[in-house]
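Colleague: I should like to learn how to read the features of a protein model in an orderly way. May we work through one together?

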Amino acid sequence: MRIIAFVGMPASGKGEVAAVAKELGYPVVNMGDVIREEVHRLGLEPTDKNLGGTGTRLRKEEGLSAIARRCVTKLRALNGSAAVVDGVRNIEEVHLFKGEFGNDFLLINVESSTEDRLTRIRKRGRPDDRLMDRERLRIRDKRELGWGMGKSIQNADLTIVNDGTVDQLRKKVQKIIEEQR
């Protein structure tokens, strides 16, 4: 099974990239949704604090690849030839996916400036984004880098720079994904 996974700081454009992949026929497993499902299962509000705290707790209790393991179960259930994973957070997750899918695993970094990411967060309107400002984004970045995201970004097979329009990003993604078929 061919797996194309995306890593990047919050609001770097991973969701848009995953949406393009979905339009091209790839099923998408969102790692953040796995945490949102756990928050919902626990009866918690989907605030940034609860989502971040749940992600941190799962990784402390079950290991740094806890979310990736849950995603592998979802990927195998798709029973297809290819899928996309949105939201890799640490190198242990990368190692787990590579162990499961070998050379059929491709990691792509989506890179964007802090200012562009903050603008996107304010527009996307997720419940956990409502109160996001520069300081909260800095705290969120620090938390996610604390999970080891920096090593994942450094070990990406490719990088997409998201510094233009949505249409420009979509064209970059379409080209890369089509080359990976």
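Modeller: The discussion below takes up pockets, cores, a helix, a cavity and some single residues in turn. Please keep in mind throughout that this is a predicted model.

Colleague: Let us begin with the largest pocket. What is its volume, and which residues are the closest to its centre?

Modeller: A pocket is described by its volume and then by its lining. Here the largest pocket has a volume of about 600 Å³. Its lining has 28 residues, and G13, K14, G15, E16 and R124 are the closest to the centre.

Colleague: Which elements supply at least two residues each of that lining, and which one gives the largest share?

Modeller: Helices α1 (14-23), α2 (31-41), α6 (114-124) and α9 (166-180) each supply at least two residues, as do strands β2 (28-30) and β3 (82-88). The largest share comes from α6, with five residues.

Colleague: How do the residues of this lining divide by class?

Modeller: In the lining of the largest pocket, twelve residues are charged, ten are polar and six are nonpolar.

Colleague: I turn to the interior. How many residues does the largest nonpolar core have, and which have the most contacts inside it?

Modeller: A core is read from its members and from the elements that bring them together. The largest nonpolar core has 29 residues, and M31, L75, V85, V88, F97, F105 and L107 have the most contacts inside it. Two or more residues of this core come from each of β1 (2-7), α2, α3 (48-62), α4 (66-78), β3, α5 (91-101) and β4 (105-111). The largest share, six residues, is that of α4.

Colleague: With which residues is F97 in contact, leaving aside its neighbours within four places in sequence?

Modeller: On that basis, F97 is in contact with A68, C71, V72 and L75, with V85 and V88, and also with M31, G102 and F105. There is also a second, separate core of 16 residues, which includes A21, I160, I176 and I177.

Colleague: How should I read the two sides of a helix such as α1? Which of its residues are buried, and which are exposed on the other side?

Modeller: One lists the buried positions and then considers their directions around the axis. In α1, the residues K14, V17, A18, V20 and A21 are buried. These lie on the same side of α1 because they cover an arc of only 155° around the axis. On the other side of α1, K22 and E23 are exposed.

Colleague: What covers the buried residues of α1, and what follows this helix?

Modeller: The cover includes strands β1, β2, β3 and β4 together with helix α9. After α1 comes G25, with a positive phi near 100°.

Colleague: How many cavities of 30 Å³ or more does a search of the whole structure find, and which residues are the closest to the centre of the largest cavity?

Modeller: The search finds one cavity of 30 Å³ or more. About 160 Å³ of space lies in the largest cavity. It is lined by 15 residues, of which I35, L51, R89, R140 and E144 are the closest to its centre. Helices α2, α3 and α7 (134-146) each give two or more residues to this lining. By class, eight residues of the cavity lining are charged, four are nonpolar and three are polar.

Colleague: Is R59 buried or exposed, and what does it contact beyond its neighbours in sequence?

Modeller: R59 is placed in helix α3. Buried means under 20% relative accessible area, so R59, at 4%, is buried. Leaving aside neighbours within four places in sequence, R59 is in contact with I35, L64, A66, I67, R89, N90, E93 and W147.

Colleague: And is G52 buried or exposed?

Modeller: G52, also in helix α3, counts as buried at 2% relative accessibility. Not counting residues up to four places away in sequence, G52 touches R143 and W147.

Colleague: Finally, why does a positive phi deserve attention?

Modeller: It deserves attention because most residues other than glycine have a negative phi. A11 has a positive phi near 65° and lies in the loop between β1 and α1. N79, in the loop between α4 and β3, has a positive phi of about 55° and is not a glycine.

Colleague: Are these two residues buried or exposed?

Modeller: A11 counts as buried, at 6% relative accessibility, whereas N79 is exposed, with a relative accessible area of 71%.

Definitions and conventions
Residues numbered from 1 in each chain as written. Predicted model: local features only at pLDDT ≥ 70, side-chain atom pairs only at ≥ 80, totals over all residues. Heavy atoms only, no water. 1 Å grid on protein atoms, 1.4 Å probe; cavity = no way out; pocket = protein on both sides within 12 Å on 5 of 7 lines; lining within 4 Å. Points joined across faces, edges and corners; volume = space filled by probe spheres on them. Helix = DSSP H or I, 4+ residues; strand = E, 2+ residues; numbered from the N terminus. Nonpolar A, V, L, I, M, F, W, Y, C, P; charged D, E, K, R; others polar. Core = buried A, V, L, I, M, F, W, Y, C linked by side-chain atoms within 4.5 Å. Buried < 20%, exposed > 50% of the residue type's maximum accessible area, 1.4 Å probe, protein only. Contact = heavy atoms within 4.5 Å. Arc of directions from axis to C-beta.
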